[in-house]
Amino acid sequence: MQLTIDEVLDHLPHRYPFLLLDCVDEVVPGEYIVGRKNVSGNEPYLQGHFPGYPIMPGVLIVESLAQLCCVLAFKTSDRRPGDGYLHYLAGLDDARFKRRVRPGDVLELRGRISSRRRQLMKFDCEAHVDGELACSVKLICVERKIET
């Protein structure tokens, strides 16, 4: 199943300038998700990272993967932010950065649920550019009801 940008926005609380996911190419709730982030030269963070040689910060690559996994978590629980729930990044392990990500690159994002207990989900994630591994990381997310 694919998700349009409107469906992605329906499953994420993030908005510009912090929305770091452009589309979901495939999602199987309870199992895995595949999506993309198109890295544009217009991204605000590239002005200072680094002037004259822009590189997407590794922490934002991880954030792109976290947002992708947030969509998978919401699809798996059959909930949405509009229902009063959020998925928070609770931890990460084994982050590795293997190549620079520059304007014009397309980050091919992949996340797979490695374990799930109550409101806690663990994901194995990878980001590729042109089939080459750019980043791998294990993420932990927790679902919480929004307190108003």
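Let's start with Gln67: at 1% relative accessibility, this residue counts as buried. Buried here means under 20% relative accessible area, exposed means over 50%, and partly exposed lies in between, using a 1.4 Å probe and protein chains only. A word on the source: this is a predicted model, where local features need pLDDT of at least 70, side-chain atom pairs count only at pLDDT 80 or more, and totals for chains, interfaces and linings use all residues. Residues are numbered from 1 along each chain as its sequence is written, and side-chain values use heavy atoms, with hydrogens and water left out.

Back to Gln67. It sits in helix H2. Helices are DSSP runs of H or I with at least four residues, strands are runs of E with at least two, and both are numbered from the N terminus. What does Gln67 touch, not counting residues up to four places away in sequence? Leu12, His14, Phe18, Leu19, Leu20 and Leu21. Contact means heavy atoms within 4.5 Å.

Gln67 also helps line the largest pocket. That pocket has a volume of about 150 Å³. Its lining also includes Pro13, His14, Tyr88 and Cys141. Helix H2 (58-77) and strand E3 (85-97) are the elements that give two or more residues to this lining. By type, the lining residues are seven nonpolar, three polar and one charged.

Now the terms. The search uses a 1 Å grid over the protein atoms alone; a pocket is an open set of points with protein on both sides within 12 Å along at least five of seven lines, where a 1.4 Å probe fits, and lining residues have an atom within 4 Å of a point. The volume is the space filled by probe spheres set on the points, which are joined across faces, edges and corners. Nonpolar covers Ala, Val, Leu, Ile, Met, Phe, Trp, Tyr, Cys and Pro; charged covers Asp, Glu, Lys and Arg; the others, Gly among them, are polar.

Next, the sheet. It is open, has six strands, and runs in the order E1-E2-E4-E5-E6-E3 with antiparallel pairing. Two strands pair if DSSP finds at least two bridges between them. Strand E1 (23-28) and E3 stand at the edges, each with a single partner strand, so one side of each has no neighbour in the sheet. The twist averages 20 degrees from one strand to the next.

Where does H2 lie? Across E1, strand E2 (32-38), E3, strand E4 (106-117), E5 and E6, at about 50 degrees to E4. Axes are lines fitted to C-alpha atoms, for helices over the stretch in contact, and angles run from 0 to 180 degrees between N-to-C directions.

On to the hairpins. E1 and E2 pair over five bridges. Three residues lie between them, and Gly30 in the turn has a positive phi of about 85 degrees. E4 and E5 are joined by nine bridges. Their hairpin has two residues between the strands, with Arg118 in the turn at a positive phi of about 50 degrees. E5 (residues 120-129) and E6 (residues 132-145) share 10 bridges. Cys125 has Val137 as its bridge partner in E6.

Last stop: Met121, in strand E5. Is Met121 buried or exposed? Buried, with a relative accessible area of 5%. Arg116 stands opposite Met121. Beyond neighbours within four places in sequence, the contacts of Met121 include Ala73, Thr76, Leu139 and Cys141.
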